Amino acid sequence: MPSLILITGATSGFGEAMARRFAADRWRVIITGRRTERLEALRTELDGLHGTGAVHALRFDVRDRAAAEHAIASLPEEWRPIDVLVNNAGLAAGFAPIQDGDPDDHDRMIDTNVKGLLHVSRAVIPGMVARKRGHIINIGSMAGKEVYPNGNVYCATKHAVDALTKGMRQDLLPYGIKVTQIAPGLAETEFSIVRFHGDEARAKKVYEGIEPLTGEDVANLVHFAASLPPHVCINDLTVSPTAQATSTLVRRDLQP
Ligand code: NDP
Ligand code: 8X3
């Protein structure tokens with residue numbers, strides 16, 4: 001049987017690029033997200049390219065613990081022994097000083113980026129522990145390494161991902177389970193459109209004058225981390241566009 005990967009948030013951006021990358025390398029891929037039409041379109045496309053049975057789609061909201069548990073528990077037998085879990089689903093909502101931020105945005109980020117990651121992990125990890133093998137890849141961020149003005153709660157959630165990655169690696173050591181964090185900087189996906197509540201013009205400005213990372217760049221790194229020999233684990237990998245040194249230090253004159 002080829003290896004089996006579950007990718008949360010595969011309807012867009014990094015997750016969608018990962019689904020394409022792993023399916024192209026003949027992995028079996030479980031894609032998840034909330035947008036049914038996108039999940040179905042991607043499943044149909046990848047099944048068409050790589051053969052029926054290459055992809056299994058699960059629609060659920062990672063914020064809903066019962067839904068996450070139910071979705072994982074409802075997997076058909078042949079889709080259960082997950083080798084790699086990529087906790088990728090996540091978002092930023094808003095970009096405001098702490099005193100002005102919308103509390104609903106704060107809840108959305110904490111519920112998705114922290115609690116959602118925990119819901120899916122808690123449903124998948126016991127199977128890995130029982131099999132004494134597996135690999136968890138958490139998508140953190142440079143925002144989980146440093147904090148920038150107006151990034152407050154988003155940065156806090158990604159710092160939580162950083163801490164949870166380290167905690168998972170310690171707790172899962174006895175079972176031979178790898179735990180990796182990939183922490184990207186500026187990448188042009190739907191991320192900023194979501195952050196600015198659908199304002200595409202404002203989102204575009206984030207990447208003005210630089211060549212940002214793409215979904216494919218990050219997918220290639222995740223694929224590399226997942227393809228190393230059993231005794232090798234990338235613990236933590238920070239990646240940024242060449243034009244970005246820190247979250248706030250960005251050269252805007254290096255466009256190709
Ligand atoms: P996108 O907005 O393009 O993709 C986000 C994905 O997450 C979508 O597939 C979305 O699916 C899914 N998602 C969001 N909320 C939920 C939810 N409640 N339940 C289930 N799925 C959800 O952004 P990116 O690809 O850029 O982001 C992926 C990850 O990478 C995030 O964790 C983000 O924080 C992180 N990141 C992004 C960077 C960037 O600059 N782009 C840099 C560093 C990290 P759907 O809407 O269908 O549910
Ligand atoms: C997303 C990258 O710089 O917008 O995690 O925080 S940034």
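A pocket, as the word is used here, is an open set of grid points where a 1.4 Å probe fits, with protein on both sides within 12 Å along at least five of seven lines. A molecule sits in a pocket if more than half of its atoms lie within 2 Å of the grid points of that pocket. With these terms in hand, the tour of this predicted model may begin.

**Stop 1: ligand 1**

Select ligand 1, which sits in the largest pocket. Then display the residues around ligand 1, of which there are 29. Those that come nearest are T11, S12, R34, Y154 and T189. Which helices each supply at least two residues of this shell? They are α1, which spans residues 13-24, and α5.

Next, examine individual contacts. Select T11: an N or O atom in the side chain of T11 is 2.7 Å from an oxygen atom of ligand 1. Move to G13, where a polar backbone atom is 3.5 Å from an oxygen atom of the ligand. At V62 a polar backbone atom again takes part, here 3.0 Å from a nitrogen atom of ligand 1. On its own, ligand 1 has 880 Å² of accessible area, and the protein covers 96% of that area.

**Stop 2: ligand 2**

Now select ligand 2. The space that ligand 2 takes is the largest pocket, which is also where ligand 1 sits. The residues around ligand 2 are S141, A143, Y148, Y154, F191 and R195. Y154 deserves a second look, for this residue was also named among those that come nearest to ligand 1.

Which side chains place a polar atom by an oxygen atom of ligand 2? S141 does so at 2.5 Å. Y148 has a polar side-chain atom 2.6 Å from an oxygen atom of the ligand. For Y154, an N or O atom of the side chain is 2.6 Å from an oxygen atom of ligand 2. Taken alone, ligand 2 exposes 240 Å², of which the protein buries 87%.

**Stop 3: T8 and the residues it reaches**

Select T8, in the loop between strand β1 (residues 4-7) and helix α1. Is T8 buried or exposed? T8 is buried, because its relative accessible area is 2% and the word applies under 20%. Display the side chain of T8 together with N88 and A89. The side chain of T8 reaches the backbone nitrogen of N88 at 2.9 Å. A polar atom of that side chain also lies 2.9 Å from the backbone nitrogen of A89.

From there, go on to G90, found in the loop between β4 and α4. G90 counts as partly exposed, at 39% relative accessibility. Add D111 to the selection: G90 and D111 are 21 residues apart along the chain, and their C-alpha atoms are separated by 9.4 Å.

**Stop 4: salt bridges**

A salt bridge pairs a side-chain nitrogen of Lys or Arg with a carboxyl oxygen of Asp or Glu within 4 Å. How many salt bridges are there by this rule? The count comes to 16.

Begin with R133 and D83, whose side chains meet in a salt bridge with an N to O distance of 2.9 Å. R133 lies in the loop between α4 (103-131) and β5 (134-139), and D83 in the loop between α3 (65-73) and β4 (84-87), so the pair ties together parts that are 50 residues apart in sequence. R133 is partly exposed, with a relative accessible area of 49%, whereas D83 counts as buried at 15%.

Proceed to helix α5, residues 152-172, and select K166 and D162. Their side chains meet in a salt bridge of 3.0 Å, N to O. K166 and D162 are separated by about one helical turn, because they are four residues apart in this helix. K166 is partly exposed at 43%, while D162 counts as buried at 11%. Which residues are linked with this pair in a network of salt bridges? Add K145 and D236 to the selection to see the network of K145, D162, K166 and D236.

The final selection is D253 with R251. The two form a salt bridge in which the closest N and O atoms are 2.9 Å apart. D253 counts as exposed, with 54% relative accessibility, and R251 is partly exposed, with a relative accessible area of 47%.

Notes. Residues are numbered from 1 along each chain as its sequence is written. Chains are lettered from A and ligands numbered from 1 in the order in which they are written. This is a predicted model: local features need pLDDT of at least 70, side-chain atom pairs count only at pLDDT 80 or more; totals for chains, interfaces and linings use all residues. Side-chain values use heavy atoms; hydrogens and water are left out. Buried means under 20% relative accessible area, exposed over 50%, partly exposed in between (1.4 Å probe, protein chains only). A residue is near a molecule or strand if one of its heavy atoms lies within 4 Å of it. A polar contact is a pair of N or O atoms within 3.5 Å; within protein, one must be able to donate a hydrogen and the other to accept it, and residues adjacent in sequence count only if both atoms are side-chain atoms. Accessible areas come from the Shrake-Rupley method with a 1.4 Å probe; for residues, only the protein chains shown count as cover. On a 1 Å grid over the protein atoms alone, a cavity is a set of points where a 1.4 Å probe fits but cannot get out, and a pocket is an open set with protein on both sides within 12 Å along at least five of seven lines; lining residues have an atom within 4 Å of a point.
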